[in-house]
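Student: Could you pick out a single spot here and look at it closely with me? After that, I'd like to hear how the rest fits around it.

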Amino acid sequence: MQRIDNLRESPSQTAGPYVHIGCTPNFTGIKIYDGDLGTQMKTGPVQGTEITIKGTVYDGTGTPLRDAMVEIWQPDAAGLFASANETRGTADPNFTGWGRSPGDMVTGEFTFETVKPGAVPFPDGRMQAPHITAWIVARGINIGLHTRIYFEDEAEANANDPILTRIEHQNRIPTLLAKKKGDGSYRFDVHLQGPLETIFFDI
Amino acid sequence: MSIRNTPPKRGGFIPRDREWQPDALTPPYKTSIKRSPQAALLSFPSTLSEETSPVFGHNLIGDLDNDLILNYAAPGQSAIGPRIIVHGRVLDENGRGVPGALLEFWQANAGGRYRHKKESYLAALDPNFGGCGRTITGEDGSYEFRTVQPGPYPWPNGMNDWRPAHIHFSVFGHGFAQRLITQMYFEGDPHIKLCPIVGVLKSQEAVDALTGLLDMNRTVPMDSRAYKFDIVLRGRRQTYFENRKEGL
């Protein structure tokens with residue numbers, strides 16, 4: 001009999017309490033690199049609407065995590081990714097699409113200065129609602145958690161989104177919506193468990 | 001405009017094997033208890049949002065970024081500890097090398113102490129050791145860096161839990177769906193069997209997949225030993241014949 005010799009993905013292990021040493025060393029006071037990657041998503045004047053997203057990652061007791069790292073990945077305002085795998089056009093040269101935040105040292109709150117993403121098609125051609133992909137790691141998280149940030153003020157697009165519409169528990173959809181605050185910024189809190197548990201994705 | 005047939009697009013990512021990967025809730029690793037989602041994950045096929053990823057150029061990397069012995073050391077000095085080279089390849093599940101992958105690594109010093117203000121272990125800091133480095137894989141997915149072998153250390157979980165010596169790795173492939181953080185252990189470390197964090201792995205095969213092997217062929221005589229550690233990221237489906245609407 002022949003053998004299928006596919007490899008297996010390396011098993012994940014927790015990022016541990018010191019992920020910031022490895023991924024945002026300047027934040028921890030270790031000055032080896034010029035700066036921490038992912039702190040500037042805008043490298044010049046950008047197209048589209050500039051937005052700020054803030055949030056906090058909470059554990060099942062409601063305690064904020066202060067040792068997490070959150071990364072986001074998104075297209076530019078026109079829906080194009082600054083990626084080698086982008087074949088539909090050229091993304092805004094002043095927008096990286098990728099952000100990384102260690103959270104505030106005291107409160108754990110993360111902040112991203114970014115742009116409102118454009119819409120991107122689903123594999124079958126239907127348009128998805130504007131969204132940002134988020135990835136969360138921390139001590140106690142054995143495998144990084146993927147979720148998505150959609151926007152509360154995109155009600156019509158959200159109502160037709162191929163993924164949002166197939167979620168069985170529609171009452172959990174608000175956990176995926178960034179909410180506009182009085183100061184104009186968006187709020188996106190992540191709850192790892194409990195009644196407000198964020199919807200996490202297996203993609 | 002007439003409808004015409006066009007070549008099919010590349011397939012999406014092969015689904016992650018959740019029977020192989022650790023579960024979120026692993027009670028012997030206590031911190032996981034309140035940090036593990038309890039609802040089922042929402043499964044769906046990868047989309048452009050997960051099939052794309054930021055690009056990191058080789059020009060990002062400084063001369064000493066992959067040399068933890070020197071990258072934090074005062075001029076003329078070097079970090080203390082067993083000198084080792086860690087090398088290997090980043091591959092995908094189809095066995096192909098992943099070029100241009102950003103690897104970031106971090107670790108305790110040779111005494112088992114991290115350079116972090118929340119770290120309370122009494123082992124001494126090494127003034128010449130920062131504990132982090134990074135590199136980008138070559139055309140065949142290969143990488144290497146030089147460091148000192150980290151020490152085992154105690155951590156607050158049970159009354160007397162010790163981590164085996166390990167190096168943390170953060171890996172970017174070509175799609176955000178491949179994003180991975182893991183740890184490398186060292187062949188022969190007796191703490192591997194005892195550690196509740198290693199214990200979240202579901203099989204000996206999974207432990208072996210994270211255990212670097214002494215590689216005498218890559219040692220530098222009278223200078224450094226070498227360990228080999230390959231990393232496998234998710235692969236994409238290879239078939240050209242994806243389900244699609246004809247004519248699109």
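Tutor: Let's start with B:Pro75, which counts as exposed because it has just 5 C-beta neighbours inside 10 Å, and the cut-off for exposed is 12 or fewer. Keep in mind that this is a predicted model. You'll find B:Pro75 in the loop of chain B that runs between helix H1 (48-51) and strand E2 (83-92). Want a feel for distance? Go to B:Val55, 20 residues away along the chain, and the two C-alpha atoms turn out to be separated by 32 Å.

Now for a contrast in chain B, have a look at strand E3 (residues 102-106). Five of its five residues are buried, so this strand is largely enclosed by the rest of the structure. Follow the side chains and you'll see them split: B:Leu102, B:Glu104 and B:Trp106 point one way from E3(B), while B:Leu103 and B:Phe105 point the other way, and all are buried.

What does E3(B) pair with? One partner is strand E4 (residues 132-136) of chain B, which runs antiparallel to E3(B) and is joined to it by five bridges. Within that pairing, B:Leu102 has B:Ile136 as its bridge partner. Another partner is strand E8 (residues 166-172) of chain B, again antiparallel and again over five bridges. There, B:Phe105 stands opposite B:Phe169.

Let's zoom out to chain B as a whole. Chain B has two helices and twelve strands, and from the N terminus on they come in the order β-α-β-β-β-β-β-β-β-β-α-β-β-β. Along its principal axes, the C-alpha trace spans about 75 × 40 × 35 Å. Of the 248 residues of chain B, 45% count as buried. If you take the chain B contacts with a separation of 6 or more, 72% of them link residues 24 or more positions apart. As for confidence, the mean pLDDT of chain B is 94, and 93% of its residues reach 70 or more. The model scores ipTM 0.96 and pTM 0.95.

Chain A is next. Chain A has two helices and eleven strands, running α-β-β-β-β-β-β-β-α-β-β-β-β from the N terminus on. A compact globule of 203 residues would have a radius of gyration near 17 Å, and chain A, at 18 Å, agrees with that. Its C-alpha atoms fill a box of roughly 65 × 45 × 40 Å along the principal axes. Buried residues make up 49% of chain A.

How do the two chains meet? On the chain A side 61 residues are in contact with 73 residues of chain B. Helix H1 (19-23), strand E6 (131-137) and strand E11 (201-202) of chain A each supply at least two residues of the side that touches chain B, and the largest share, four residues, comes from E6(A). Sort that side of chain A by class and you get 32 nonpolar, 22 polar and seven charged residues. There's a strand pairing across the chains, too: E11(A) and strand E1 (residues 42-43) of chain B pair in the parallel sense over two bridges. In that pairing, A:Phe201 has B:Leu42 as its bridge partner.

Here's a spot in chain A to set beside B:Pro75. A:Gly144 also sits in a loop, this one between E6 and strand E7 (145-151) of chain A. With 19 C-beta neighbours inside 10 Å, A:Gly144 counts as partly exposed, because a residue needs 20 or more to be buried. Leaving aside neighbours within four places in sequence, A:Gly144 is in contact with residues from both chains, among them A:Trp135, A:Ile136, B:Arg179 and B:Ile181. The C-alpha atoms of A:Gly144 and A:Pro64, 80 residues apart along the chain, are separated by 17 Å.

A:Ile136 is worth a stop of its own. Beyond residues up to four places away in sequence, A:Ile136 touches several others, including A:Val57, A:Ala68, A:Val70 and A:Val190. In soluble globular proteins, nonpolar side chains tend to be buried together. Here the largest nonpolar core has 105 residues, and those with the most contacts inside it are A:Ile136, A:Val137 and B:Val171.

How values were computed
Residues numbered from 1 in each chain as written. Chains lettered and ligands numbered in written order. Contact = placed C-beta atoms within 7 Å. Nonpolar A, V, L, I, M, F, W, Y, C, P; charged D, E, K, R; others polar. Pairing = 2+ DSSP bridges. Rg over C-alpha atoms; globule rule 2.2 N^0.38 Å. Core = buried A, V, L, I, M, F, W, Y, C linked by C-beta atoms within 7 Å. pLDDT = per-residue confidence, 0-100.
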